[in-house]
Amino acid sequence: MSRRSSDEAREAHVRRELARLLRQARERAGLSQAALQARLAAALGVESVAATTISRYERGQAAPTLGTLDALCELFTGREDALVAALAQALGESDAEADE
């Protein structure tokens, strides 16, 4: 398998996992796609988010930008540093170490 096809396969896997987790988080929060769309627009400070955005994320057809992913993490957890904290946890670091 070439490096490029390996990278593409890995990206596809990450996109599928992200899609599954976003849908699961939305459903656990009791939000419709439209409600999440409205909250995301407010969190990003924009007038609106395209009607198909959440659906495309949840089907793995698109991936959120880093800024959008950070906003989604904050919406679902209530923590401003949710994305960084999740990465720190995955690396086995404490919150104090992640703040440095």
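Helix α4 tucks away five named residues to begin our tour: T68, L69, A71, L72 and C73 are its buried residues. The model you are looking at is a predicted one, and α4 is a good place to start reading it.

**Helix α4 and its surroundings**

What hides those residues of α4? The cover includes α1, α2, α3 and α5. You can also check the length of α4 with a little arithmetic. At 1.5 Å a residue, its 12 residues should span 16 Å, and because the end C-alpha atoms of α4 are 16 Å apart, the model agrees with that expectation. Follow the chain onward and, just after α4, you meet G78, which takes a positive phi of about 80°.

**The chain as a whole**

Now step back and look at the whole chain. It has six helices and zero strands, so reading along the sequence gives the pattern α-α-α-α-α-α. Taken along the principal axes, the C-alpha atoms fill a box of roughly 40 × 35 × 25 Å.

How much of the chain counts as buried? Of its 100 residues, the share is 25%. The chain exposes about 7000 Å², and carbon and sulfur atoms supply 50% of that area. Contacts also tell you how the chain folds back on itself: among those between residues at least 6 apart in sequence, 49% join residues at least 24 apart. As for charges, the chain has 13 positive and 16 negative ones, and the mean positions of these two groups are 12 Å apart.

**Helix α2, a helix with a buried face**

Helix α2 covers residues 33-44, and the length check works here too: 12 residues at 1.5 Å each should span 16 Å, and the end C-alpha atoms are 16 Å apart, which agrees. Which residues of α2 are buried? They are L36, Q37, L40 and A41. Seen down the axis of α2, these buried residues fall within an arc of 140°, so they line one face of the helix. Try turning the structure until you look along α2 and find that face for yourself.

The cover over the buried residues of α2 includes α1 (3-28), α3 (53-58) and α4 (66-77). Just after α2 comes G45, with a positive phi of about 70°.

**Helix α5**

Helix α5 runs over residues 82-90, and its residues A82, L83, A85 and A88 are buried. Just after α5, G92 takes a positive phi of about 80°.

**Residues along helix α1**

Several residues of α1 are worth a visit. Start with R26, which has its place in this helix. Is R26 buried or exposed? Its relative accessible area is 8%, so R26 is buried, the cut-off being under 20%. Leaving out residues up to four places away in sequence, R26 touches L31, S32, Q33, L36, I54, E58 and F76. One of these, L36, is also among the buried residues of α2.

R28 has its place in α1 as well. With 69% relative accessibility, R28 counts as exposed. S6, also in helix α1, is partly exposed, with a relative accessible area of 33%.

L18 is another residue of α1. Apart from residues up to four places away in sequence, L18 touches P64 and L69. You have already met L69 as one of the buried residues of α4.

Outside α1, T53 lies in helix α3. T53 is buried, with a relative accessible area of 16%.

**Distance along the chain and distance in space**

How far apart two residues are in the sequence is one thing, and how far apart they are in space is another. The table sets out both for some pairs, so you can find each pair in the structure and compare.

| Pair | Separation along the chain | C-alpha distance |
|---|---|---|
| S6 and R28 | 22 residues | 33 Å |
| T53 and L31 | 22 residues | 15 Å |
| L18 and S5 | 13 residues | 20 Å |
| R28 and F76 | 48 residues | 9.2 Å |

Look at the last row with the structure in view: R28 and F76 are 48 residues apart along the chain, and their C-alpha atoms are separated by 9.2 Å. F76 has come up before, as one of the residues that R26 touches.

Conventions: Residues are numbered from 1 along each chain as its sequence is written. This is a predicted model: local features need pLDDT of at least 70, side-chain atom pairs count only at pLDDT 80 or more; totals for chains, interfaces and linings use all residues. Side-chain values use heavy atoms; hydrogens and water are left out. Helices (H or I, at least four residues) and strands (E, at least two) are DSSP runs, numbered from the N terminus. The expected span of a helix is 1.5 Å times one less than its number of residues. Buried means under 20% relative accessible area, exposed over 50%, partly exposed in between (1.4 Å probe, protein chains only). The arc is that of the directions from the helix axis to the C-beta atoms. Contact means heavy atoms within 4.5 Å. Accessible areas come from the Shrake-Rupley method with a 1.4 Å probe; for residues, only the protein chains shown count as cover. Lys and Arg count as positive and Asp and Glu as negative; His and the chain ends are not counted. The place of a charge is taken as NZ of Lys, CZ of Arg, CG of Asp or CD of Glu.
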